[in-house]
Amino acid sequence: MHIQNAPYFSVGLTGGIGCGKSTVADMFAARGASIVDTDQIAHSLTAPNGAAMPALVAEFGADYADARGALDRTKMRNLVFADAAAKAKLEAILHPRIRQATLAAAEAATGSYVIFAVPLLVESGGWVERVVNRVLVIDCLESLQVSRVMARNGLSEEQVKAIMATQATRAMRLAAADDVIDNNGDLASLEPQIAQLHDLYLAFSKRMAGMAPQRL
């Protein structure tokens, strides 16, 4: 996805599963940022009548669609965890479509700046170099990630840790960060952190207007 010449200031928001990315994105949206969520785009592509479903059914078979015509996420998750070739095929179908939809959403954005919410931003490569001006990592203890996802999704501790093992480590995410939000506490502890970063991003957005895109 090449949008180096985009006229807007953009932030790549990421974090491990259970770190609170969606909560933080919603709080930035409430302050006027445009959020482009790649997870939501992926879900829309694999929903009933989603644009990726014909290709997915052709590749994996009708058994991978549920009764509504959406992707059977549990079945697909189990497959790609066990089969690297199947994972590569899934990504070959989804990733180009996600990139296209992401670019279209960013170009249509009307907020004061754009936040790309990308769970696998660090793992995917290219985002930092070609797309975003800054990287914002939502950070919390790994034990909190596990307990939050267990409570939210009803998964076992082993299942959550298996998902975490496929993601960048906490240290890798922090090494890639320009900005970090500590989400080890409650919502009240997020507010001042987000307010401070929002002011910073507004300043960067104004500074970047009419300038060549750059890392800030």
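**Helix α11 and the parallel sheet**

The buried residues of α11 (under 20% relative accessible area with a 1.4 Å probe, protein chains only) are Leu-190, Ile-194, Leu-197, His-198, Tyr-201, Phe-204, Ser-205 and Met-208. Seen down the axis of α11, these residues fall within an arc of 130 degrees, taken from the directions from the axis to the C-beta atoms, so they line one face of the helix. The face turned away from the buried side carries Ala-188, Pro-192, Gln-196, Asp-199 and Lys-206, which are exposed (over 50%). The model is predicted, with local features requiring pLDDT of at least 70 and side-chain atom pairs pLDDT 80 or more, whereas totals for chains, interfaces and linings use all residues. Residues are numbered from 1 along each chain as its sequence is written, and side-chain values use heavy atoms, without hydrogens and water.

The buried residues of α11 pack against β1 (10–14), α1 (21–29), β4 (134–139) and β5 (179–182), contact meaning heavy atoms within 4.5 Å. Helices (H or I, at least four residues) and strands (E, at least two) are DSSP runs numbered from the N terminus.

Five strands form an open sheet with parallel pairing, in the order β2-β3-β1-β4-β5; pairing requires at least two DSSP bridges between two strands. β2 (34–37) and β5 are the edge strands, each pairing on one side only. From one strand to the next the twist averages 25 degrees, where angles run from 0 to 180 degrees between N-to-C directions of axes fitted to C-alpha atoms, for helices over the stretch in contact. Four bridges join β1 and β4 in the parallel sense, and Thr-14 stands opposite Val-137 in β4.
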